[in-house]
Amino acid sequence: MEQYNVTGMSCAACQVRVEKAVSAVEGVTSATVSLLTNSLAVEGTASSQQIIKAVEDAGYGAALKGADNERKSISAKLAAEEDMLKDRETPKLKRRLIASLLFLLILMYFSMGHMMLGLPLPVFFENNHVAMGIVQLVLCAIVMVINQKFFISGFKSLWHRSPNMDSLIALGSMAGFVYSVVILLLMSRAVVDGKHEAVMRYMDEFYFESSAMILALITVGKMLEASSKGKTTNALKSLMKLAPKTATLLRNGQEVSVSIDEVNKGDIFVVRPGENIPVDGIIVDGESAVNEAAITGESIPVDKVVGDSVTSATLNQSGFLTCQATRVGEDTTLAQIIQMVSDAAATKAPVAKLADTISGYFVPAVIGVSLITFVIWLLLGKEIGYCLARAITVLVVSCPCALGLATPVAIMVGNGVGAKNGILFKNAEALQETGNIQIAVLDKTGTITSGQPILTAIRPAAETTEEKLLEKALILEQRSEHPLAIAVVNYGREKGIEVGEPENFRALSGNGLTGRYQGKDLFGGNFRFISQHAEISEEVRKTGELLAEAGQTPLYFAEEGKLLGIIAVADAIKPDSPQAIAEMKRMGIHVVMLTGDNEKTAQAIGVQAGVSEVIASVLPEGKEEVIRQLQAHGKVAMIGDGINDAPALTRADIGIAIGAGTDVAIDAADVVLMKSSLRDAAAAIRLSRATYRNIIENLFWALIYNTLLIPAAAGLYTGLGITMNPMLGAAAMSLSSFCVVSNALRLNLLKIHDGSHDRPGKKAVKLNEEGKLLTQRKENEVYFMTRTMKIEGMMCPHCEATVKKALEAVDGVESAQVSHEQGTAVVTLSHEVENAVLTKAVEDKEYKVIAVD
């Protein structure tokens, strides 16, 4: 995705115009414009020259963001980004406003002060009405020159046949000015002809003060809007300010202070108490308490020792640390967070499409309504001055800007609130849709539990000692990277047990371990796996069941076909997991725990955690299929932290990587939680819902404002005694955008971890008779509702498509993966389907089914 800075945009109509122009460029697959940050995000193969030309042809300016940053260091790039976010508009508008008000006050003194307040005038003007008119003309012209940007942008947009908000202001102000100039000429003629009554009547028809007041009031609104918009990027600017500028490296035993850009991966750096950690690294010496609030939002310091990782921009509070750099430059956690928040601000939420559609037709429609208003009042016999006042008021009261800002300001503030609390949304769609989930699927290990299991029981079989069982288990488990294996290995180390290395070691994903030691075959794994390699007595089976019912995972071990016994391991539930799950359930979310553990162990942990449903005995590669089946019941969020969660995170409607997870999990996720707390997942849902509500409030305000005030401006309510003049219309328009932005800023007050106001969503999932989504399975049954069919006669991709279509038309078939090269079709089922039914579906298409496994 390439990003561009766009200049010349003033409202939602400009935003839509730029999007349409860029989307029409050959090679562009996606174009998103943000009125809030004046940026354009483009995906596709089109060159930057083509993009810039398209924007310029539409009447705006564009420049590739960071085009001169390619050779810059990370600190220079961050400085450039921070500089780009500086609020430069507010000071400019403030100067314009002061100058406008100065001349407007003088204009109001001459036009209304002596009539309404009886203020004195210089003797020269007492009976010289033409001179009064000329002074007003000059003062109004000065205000118009000061605010010439409205006219340049507005008429330029009209020239390109893409009128915007500036067009409405320019037309309204210029119409009043031109009409007043004509009246001044007619007054001059009346003076020459000696028609005193006509001169006095003409004096009441000047709109110089209205034309100038419109510009001044709009500038007030623009200044308030710009100031508020500047505050919406405060979170991103705060993150950028956290970036350390220097680091202290150890070179040849000497401490050397260098720029952060000179730190390379593998360098050794030191951090004293009170200093920020410059880059991501691993502690090689020392221990300390590190405050990670800048990254995770957690204010309580975390104790760090040798081997622990440290993150850039976090604060070393107590000890002296020596660390080795692991991620530098743009790869650091802080740099990635900044990039993620920045990218999210450049994307558009689905709900914004409504505003975009309206904005595309809004300004031309308003101009049309203004002309119709003028003509209708003229036909009703009103004076031209009255008709013009109604038409001008319609032009200046309409506000497409509020529509354009309704979504992006809320998204920006919502993203900022999330970032401050260690919750990162990758795009605006993720921020909107996270709150709409109906089912939350939680991976057990590392998500609900701590992911650091401990050995809890050793139950040797007959004729086997605890020492022998533990020794044989260690031989296999020392080569495994599974968390359960680490628990056994750590226990063995504590006991001082040393064992040899196994031969032909194999880890069978989701099943168990095999290896050979001193000429004998060793096996370790779950009940299903070991029962294939050794006979398990009824007594041992019951022992395993009792351990499982207590929430412990029984690991069975065998040697040369003989059972050695059971070692039980338990993964403790995180203290805040039950609370987080309870909060999700209060929000009307059906919480599902997904695990590879056997049914009884899983159910025991599920009861302790308080989940709605437990799906056990799921192999890693089966997680995606579970998500697919759950999606038939509602919108699904998958919450996990490991590499084997990546396919499920991608498959889910919303993927949430917890505890920063693995790089693979982060890449696959839509939301990244920097802490390992499940409560942050509930907070992300809460923040998403609050942001969406805020967007709806903003859109409602923008739409209802225009719906009520445009008819009032046109004079539709005159029968009720309600008449709006152009100045009042301009004031209302000025406040509309300011109100929208201010409403979005209220999100900063949201307490995202406070669940006291949680309410269920509008759509609840439908459960079966057991109160579940998926049918309860038999104990130890593998979660694979699949059949593999061997088929003859398929010769090409067309044959594949024919077979796939035939199978997927069968009731109960969720999907079919067909390969003509292998002659197979792997069929995934949502419920039991007879093999004969599947066979008939294929053979009806004149292919031969050899077997169904």
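**A seven-stranded open sheet and its helices**

In this predicted model, seven strands make up an open, mixed sheet, ordered 14-26-25-24-15-22-23. Helices and strands here are DSSP runs numbered from the N terminus (H or I with at least four residues for helices, E with at least two for strands), and two strands pair if DSSP finds at least two bridges between them. Strand 14 (423-425) and strand 23 (613-615) sit at the edges, each pairing on one side only. From one strand to the next, the twist averages 20°; axes are lines fitted to C-alpha atoms (for helices, over the stretch in contact), with angles between N-to-C directions running from 0 to 180 degrees.

At the strand 23 edge, strand 22 (residues 590-594) runs parallel to strand 23 and is joined to it by three bridges. Val592 stands opposite Glu613 of strand 23. Helix 23 (residues 599-609) lies across both strand 22 and strand 23, at about 150° to strand 23. Helix 24 (residues 623-630) also packs on the sheet, touching strand 15 (439-443), strand 22, strand 23 and strand 24 (636-640); the direction of helix 24 makes about 165° with that of strand 15. Contact means heavy atoms within 4.5 Å.

Zooming out, the protein has 30 helices and 30 strands. Of its 853 residues, 53% count as buried (under 20% relative accessible area, exposed being over 50% and partly exposed in between; 1.4 Å probe, protein chains only).

As for bookkeeping, residues are numbered from 1 along each chain as its sequence is written, and side-chain values use heavy atoms, leaving out hydrogens and water. Local features need pLDDT of at least 70 and side-chain atom pairs count only at pLDDT 80 or more, while totals for chains, interfaces and linings use all residues.
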